[in-house]
Amino acid sequence: MKASQELTLRTQPGTGKASGRRRILRNWELYLFIAPCMLYFIVFQYVPMYGVQIAFKNFLPSKGIAGSKWVGFDHFERFFNSYYFWDLLWNTFSLSLYELAIGFPLPIILALAFNEVKNGLFKRSVQTVTYAPHFISIVVMAGMIITFLSPSSGILIRIIEWVGLQPAHFLEDPRWFKTVYVLSGVWQSAGWGTIIYLAALSAVDPQLHEAAIVDGASRLKRVLHINIPTIVPTISILLILNVGNILGVGYEKVLLLQNSLNIESSDVISTFVYRSGLLSNQLSFSTAVGLFNSVVNAILLLTVNRIAQKTSDNSIW
Amino acid sequence: MVSAIKESKGDKLFLVLIYLFLTAALIVVLYPLIYMLSASVSTPKYVNSGEMWLLPKGLTLEGYKLVFGNAKIWTGYRNTIVYTIIGTLINLAVTLPAAYALSRSDFYGRRLFMIVILITMFFSGGLVPTYLVVKNLGLINSMWALILPVSASVWNIIVARTFFQSTIPKELQEAAHIDGCTNMRLFVRIVLPLSAPIIAVMALFYGVGHWNSYFSALIYLNEESKFPLQMVLRQILVLQQMGAETNGAVLSGEAASLAASKAEIASLVKYAVIIVSTLPIIAVYPFLQRYFVQGVMIGSVKG
């Protein structure tokens, strides 16, 4: 009796609190390992989340977060009723959707094309070259755009004239801002974006292709019926993540390309948050606008994920 | 003789179209890069008029002389190197041990820690609350404001954790424990030496991030002597301020005769500065490409 009890104890090292404590004690160093990381997330991610409450207060730095007066949804109301609310929302949505419509399919097409070409010097060179712009900084990218589109000396303007078209004032004309933003983004990141699809494509079973060839399937048919179905899960997950970030247009590049002439189409929520918060010092108001932005993002993400879950098996969790 | 797999006419045409498409992509991406390189060593007159459109015309190194003679660019360069090295070391010191701990299935509470980390992917305090934290910590106008708020990235932690999970055999850890090896020794003596590829990937991802970032400097720094290179580039390329140094004050005779107007000096400097700031990364990247690609792929195995 006693022996068997001991045996169970040894083979199944107990359950409940005692075992938990033992596991903690035995691996106490692992808690040291994760401590700096947790400290970082608490200080720079969770403390700011606590600070979000100033969106509902009239925050005065002298009084601190806790000491400032509650004002409820005043800042949100002011934002929703402002004359620029719909413009900001429209600019943010349209810029994101435009980017998604052009920038999302292109890496997929490029990856499918790479996959058809045999490994060799040509494939490697195209890959190396198209990946490279990913490493160009946003500032240099903006500088390139401004220089290439300069009406007096830009090379793109010269090329457009050479083709026989009339170049527009791309950076001053609000109608052109979004196109410039999206196309330059495609130039910079389409190549790099293929990597993740190429990884998914490498999982295709070669036997499938062999069988299809025997059955007389053309290359195009094999791409459509073997390669694309293989990467559909990857496509869905990236699409969900992208839609979930639809109001999170990268303000870093927009901010650099923004000027007083194109601002009516280049002002997005995140640049507005920066301007009102850090330049005009309306801390509470700006936080409220930022909070609105992240709440919309979270709702979009959950909704799209739900739809994907219902219609297919692909979801991010 | 007929080849083993007979390509039909349609297949051949399809393949030709693919090659054409990839060649077009190659040209579209490569052309601006070559153009900038050529423009940086050409006489501005030819660049601005469009006469120089592919290969250098009126060879001159004056642009580079102006760039290297500019104290601001030097300071920016030095600052960026310092911020990148210290920042990346901190990133590694925070990310690798944490990722290793999270990779251990016998680490009690790892699910909870993982949730704490993952939540920050979906919610964040936003710009102003984060700014207030940095300010309250007294980090404004210090290099730590550019480094500490980006000590770790969720994505990189997941990538490193996946790597440890899939490459460090569990038996190795059990054997080490039976031999009385502590977790600390195990990590430093056994796990890290086996993890050179992931250390390289992490260092590269974080390093490039530090090298290219400008926004933290824009909001947190107010002294020009602390500006990283990207802030100096912003002044030159985007705000189009050349700084007194290059605006004729110390312009050499040759440069003055080469560049008839301020605008021409500006364009001379622009291309040279783009090359000088981007070259360190673009030049080493083809050799490290394997590692970068590996990093993205490890991350995509399990998101």
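How many salt bridges does the rule find across the interface of chain B and chain A? It finds 1, while the structure holds 10 over all chains. The model is predicted. Chain B and chain A bury about 8,000 Å² between them, and 78% of that area is on carbon and sulfur atoms.

**Interface of chain B and chain A**

- The contact draws on 97 residues of chain B and 86 residues of chain A.
- L22(B), Y108(B) and Y214(B) supply 8% of the area that chain B buries against chain A, more than any other three residues.
- The salt bridge across the interface pairs R26(A) with D106(B), with the closest N and O atoms 3.9 Å apart.
- The rule also finds 17 residue pairs in polar contact across this interface, both residues being at pLDDT 80 or more.
- On the side of chain B that touches chain A, helix α1 (residues 9-40) of chain B gives the most, with 18 residues.
- That side of chain B divides into 71 nonpolar, 20 polar and 6 charged residues.

**Salt bridges within chain B**

- E62(B) forms a salt bridge with K65(B), the closest N and O atoms being 3.7 Å apart.
- Both residues lie in helix α3 (residues 62-68) of chain B, 3 residues apart, which is about one turn of the helix.
- E62(B) counts as buried because its relative accessible area is 3%, under the 20% cut-off, whereas K65(B) counts as exposed because its value of 51% is over 50%.
- K72(B) forms a salt bridge with E224(B), where the closest N and O atoms are 3.9 Å apart.
- K72(B) lies in helix α4 of chain B and E224(B) in the loop between α12 (215-220) and α13 (229-238), so this pair ties together parts that are 152 residues apart in sequence.
- Both partners are partly exposed: K72(B) has a relative accessible area of 21%, and E224(B) has 45%.
- Salt bridges that share partners join R26(A), R104(B) and D106(B) into one network.

**Salt bridge within chain A**

- R175(A) forms a salt bridge with D173(A), with 3.0 Å between the closest N and O atoms.
- R175(A) is exposed at 69% relative accessibility, while D173(A) is buried at 14%.

**Surroundings of T80(B)**

- T80(B) sits in helix α4 (residues 71-103) of chain B.
- T80(B) counts as buried because its relative accessibility is 1%.
- Apart from neighbours within four places in sequence, T80(B) is in contact with W211(B), P228(B), L229(B) and Q230(B).

Conventions:
Residues are numbered from 1 along each chain as its sequence is written. Chains are lettered from A and ligands numbered from 1 in the order in which they are written. This is a predicted model: local features need pLDDT of at least 70, side-chain atom pairs count only at pLDDT 80 or more; totals for chains, interfaces and linings use all residues. Side-chain values use heavy atoms; hydrogens and water are left out. Contact means heavy atoms within 4.5 Å. Buried area is the accessible area (1.4 Å probe) that two parts lose on being put together, summed over both. A salt bridge is a side-chain nitrogen of Lys or Arg within 4 Å of a carboxyl oxygen of Asp or Glu. A polar contact is a pair of N or O atoms within 3.5 Å; within protein, one must be able to donate a hydrogen and the other to accept it, and residues adjacent in sequence count only if both atoms are side-chain atoms. Helices (H or I, at least four residues) and strands (E, at least two) are DSSP runs, numbered from the N terminus. Ala, Val, Leu, Ile, Met, Phe, Trp, Tyr, Cys and Pro count as nonpolar, Asp, Glu, Lys and Arg as charged, and the others, Gly among them, as polar. Buried means under 20% relative accessible area, exposed over 50%, partly exposed in between (1.4 Å probe, protein chains only).
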